[in-house]
Amino acid sequence: MTALLSFVIYLILAPFIGGLLDGLDRKISARMQGRIGPPLLQPFYDVAKLMHKQNIAVNRSQEFLVASFCMTQILAGCMFFAGSDILFCFFIISTGSTFLVFAGAITNSPYSSLGSSRELIQMMAYEPAVLLACVGLYLASGSFNVRDIVMQDTSAILFLPGFFLSYIFILTIKMRKSPFDLSTSHHPHQELVKGLTTEMGGRNLAYYTITEWYENVFLLGVVALFIINKNPSSYIAAIIVVLAVCFVETLIDNVSARVKWNFMLKSTWISTLLLAGVNLLILMLV
């Protein structure tokens with residue numbers, strides 16, 4: 001019953017939380033740049049406007065692929081918050097990202113196609129860190145199931161600081177923040193126009209945006225998973241850590257210029273090896 005309730009709560013509340021975090025991100029970014037910024041609820045206004053626009057797709061298959069991307073990301077988040085296998089949840093997330101790559105590639109737009117190619121490179125960059133984060137949580141708890149991980153006596157981060165930092169590093173890619181916003185960006189000033197989402201408009205772009213909100217809540221839920229244990233007060237600590245991570249990601253986004261794909265790939269693999277790899281060796285030796 002608790003798992004079903006968590007499933008429903010995520011399904012209903014995740015887009016509102018994700019949209020509010022998006023609005024807060026815009027507000028903080030504006031303040032960092034000396035501007036007032038848009039209203040906190042501006043992301044919801046944008047999505048509502050997109051929903052009322054005529055839906056024009058350059059390829060009929062794009063609607064199906066965007067819908068598949070949306071459903072898989074939502075399913076992964078629902079399973080995660082219901083306490084299921086975290087490794088399987090990330091497998092579903094990766095499958096959904098593949099649908100997104102196809103949605104951009106089939107349009108025959110040079111901007112969208114290049115954005116899809118870069119999305120594949122980004123997946124190559126962050127997947128090792130994601131896999132190691134799952135392995136680390138298993139070593140700390142003896143299980144891949146979220147419900148077992150949160151019922152441990154101590155927080156996983158005490159044993160997995162390297163895994164945690166490695167995961168935070170790749171969040172910059174997953175949340176499409178500079179300097180790693182290569183495939184598509186939340187900012188309008190890049191030579192790929194909107195990269196992967198260039199040919200998305202109307203409801204398709206609205207569904208993509210809502211799906212990003214679902215995915216971001218899932219990704220931040222994994223951050224909380226490193227903190228939460230069976231002590232109820234750990235949930236408060238987890239919320240504080242999640243908000244701090246959001247602020248750090250926004251700060252990095254505003255002080256960094258976008259880098260080339262080869263630098264992103266090298267730096268991500270090196271950080272994964274040094275942070276998560278060394279932490280893994282220490283756990284195995286101890």
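Which residue forms a salt bridge with Lys-174, and how far apart are the closest N and O atoms? Glu-215 is the partner, and the closest N and O atoms are 3.0 Å apart. This is a predicted model: local features need pLDDT of at least 70, side-chain atom pairs count only at pLDDT 80 or more, and totals for chains, interfaces and linings use all residues. Residues are numbered from 1 along each chain as its sequence is written, and side-chain values use heavy atoms, with hydrogens and water left out.

**Salt bridges**

- The whole structure has 7 salt bridges, each a side-chain nitrogen of Lys or Arg within 4 Å of a carboxyl oxygen of Asp or Glu.
- Glu-215 sits in helix H8 and Lys-174 in helix H7, so to speak of this pair is to speak of distant parts of the chain, 41 residues apart.- Helices here are DSSP runs (H or I, at least four residues), numbered from the N terminus, while strands are E runs of at least two.
- Glu-215 is buried, at 5% relative accessible area.
- Lys-174 is buried as well, at 9%.
- Buried means under 20% relative accessible area, exposed means over 50%, and partly exposed lies in between (1.4 Å probe, protein chains only).
- Asp-22, Arg-26 and Asp-46 belong to one network, joined by salt bridges that share partners.
- In that network, Asp-22 pairs with Arg-26, with 3.6 Å between the closest N and O atoms.
- Both Asp-22 and Arg-26 lie in helix H1, 4 residues apart, or about one turn of the helix.
- Asp-46 also pairs with Arg-26, and here the closest N and O atoms are 2.9 Å apart.
- Asp-46 is in helix H2 (residues 42-51) and Arg-26 in helix H1, so this pair ties together parts 20 residues apart in sequence.
- Arg-26 is partly exposed, with a relative accessible area of 28%.
- Asp-46 is partly exposed too, at 29%.

**Largest cavity**

- The structure holds 1 cavity of 30 Å³ or more.
- A cavity is a set of points, on a 1 Å grid over the protein atoms alone, where a 1.4 Å probe fits but cannot get out; a pocket is an open set with protein on both sides within 12 Å along at least five of seven lines; lining residues have an atom within 4 Å of a point.
- Grid points are joined across faces, edges and corners, and a volume is the space filled by probe spheres set on the points.
- The largest cavity has about 60 Å³ of space.
- Glu-215 and Lys-174 are both in its lining.
- The other lining residues are Phe-69, Ser-97, Glu-119, Gln-122, Tyr-126, Ile-173 and Arg-176.
- Helix H5 (110-141) and helix H7 (161-174) each supply at least two of the lining residues.
- H5 gives the most, with 3 residues.
- By class, this lining has 3 nonpolar, 2 polar and 4 charged residues.
- Nonpolar covers Ala, Val, Leu, Ile, Met, Phe, Trp, Tyr, Cys and Pro; charged covers Asp, Glu, Lys and Arg; the others, Gly among them, are polar.

**Second largest pocket**

- The second largest pocket has about 760 Å³ of space.
- It is lined by 26 residues, and those closest to its centre are Phe-81, Gly-221, Ala-224, Ile-228 and Tyr-235.
- Two or more lining residues come from each of H1, helix H3 (60-81), helix H6 (146-149), helix H8 (203-225) and helix H9 (233-255).
- H1 gives the most to this lining, with 9 residues.
- The class split is 21 nonpolar, 4 polar and 1 charged.

**Nonpolar surface patch**

- Leu-4, Leu-5, Val-8, Ile-9, Leu-11, Ile-12, Leu-13, Phe-16 and Ile-17 make a nonpolar surface patch of about 800 Å².
- Patches take residues with over 30% relative accessible area and no salt bridge; like charges are joined within 9 Å, and nonpolar side chains (Val, Leu, Ile, Met, Phe, Trp, Tyr) within 5 Å.
- Accessible areas come from the Shrake-Rupley method with a 1.4 Å probe, and for residues only the protein chains shown count as cover.
- Ile-9, one of the patch residues, lies in helix H1 (residues 2-32).
- Ile-9 counts as partly exposed, at 41% relative accessibility.

**Single residues**

- Ile-240 is in helix H9.
- Ile-240 is exposed, with a relative accessible area of 55%.
- From Ile-240 to Ala-224 is 16 residues in sequence and 9.2 Å in space, C-alpha to C-alpha.
- Asn-279 is in helix H10 (residues 261-285).
- Asn-279 counts as buried, at 7% relative accessibility.
- Asn-279 and Met-175 are 104 residues apart along the chain, and 24 Å separates their C-alpha atoms.
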